[in-house]
Amino acid sequence: MPRRAISDPTEEQPSAAPFLPEQLTLPALKEAAGSCRGCHLYRDATQTVFGAGKRSARVVLVGEQPGNEEDQKGRPFVGPAGKILDRALEDAGVDRDEAYVTNVVKHFKFERRGKLRIHKKPNALEIRACLPWLAAELEVLKPRVLVCLGATAAQALLGRTFSVMAQRGKVIPTPLAEYAVATVHPSSILRQQTSEEREKALHDLIADLRVVAQLLDRP
Ligand code: URA
Ligand code: SF4
């Protein structure tokens, strides 16, 4: 009796996997990601924003997705959140040359409000679609420390139910790196209401990143 093929869910779900290059190197990955059509997010964004940093970087910091400025410039963490991150890394004593920065999702997702493009959270399908890029970056870099910036990165990489607030600054076991540490997203500091709250939030982010600096200093 003829029977309809059981559908393969992986074929129906958006995925970057078919766009990955054969050769896993950072330049090859970056180039291939530039023409990724693995999900619909490429359509409205300006360009792919791939990770940036040296092949020798021992710490990989993962955000959510590029913002407005990153979308325009084509580089991760070059906008307001990036400035906070740079300052926090410096204060924590993490050498910028040791740091590779990237995102869970490589295209900017937004909603137009007049002239503004307002950041929209990527959904579970978009995150899953884009993860092959991040998995490949981690495979090439094999970092000592994986830093998840915010809940999107932490839940995508450390588990769906991971709580940043409960576990921030702690060393988390992971198969993706020697160590993992989660902390808040630097943009959360910008959302604090008062200057005291902002200062406290920045101080706490720096404290979490000091844990990362210590892990990097271990022999
Ligand atoms: N926020 C992110 O999560 N990533 C960026 O690259 C910029 C802002
Ligand atoms: Fe590909 Fe990721 Fe962009 Fe979707 S968001 S098109 S999966 S690079």
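**Exercises on a predicted model with two ligands**

By the rule that a salt bridge is a side-chain nitrogen of Lys or Arg within 4 Å of a carboxyl oxygen of Asp or Glu, the count comes to 14 salt bridges. This is a predicted model, in which local features need pLDDT of at least 70 and side-chain atom pairs count only at pLDDT 80 or more, while totals for chains, interfaces and linings use all residues. Residues are numbered from 1 along each chain as its sequence is written, ligands are numbered from 1 in the order in which they are written, and side-chain values use heavy atoms, without hydrogens and water.

**Exercise 1.** Find what K54 forms with D97, and place both residues in the chain.

Solution.
- Step 1: K54 and D97 form a salt bridge, with the closest N and O atoms 3.0 Å apart.
- Step 2: K54 is in the loop between helix 2 (26–33) and strand 1 (59–63), and D97 is in the loop between helix 4 (80–92) and strand 2 (99–103). Helices (H or I, at least four residues) and strands (E, at least two) are DSSP runs, numbered from the N terminus.
- Step 3: The pair is 43 residues apart and links distant parts of the chain.

**Exercise 2.** Describe the polar contacts of ligand 1 (N or O atoms within 3.5 Å).

Solution.
- Step 1: A polar backbone atom of Q65 is 3.0 Å from a nitrogen atom of ligand 1.
- Step 2: An oxygen atom of ligand 1 lies 3.0 Å from a backbone N or O atom of F77.
- Step 3: For H185, an N or O atom in the side chain is 2.6 Å from an oxygen atom of ligand 1.
- Step 4: Ligand 1 alone exposes 230 Å² (Shrake-Rupley method, 1.4 Å probe), and the protein buries 93% of that.

Methods: Polar contact = N/O pair within 3.5 Å; in protein donor to acceptor, adjacent residues only side chain to side chain.
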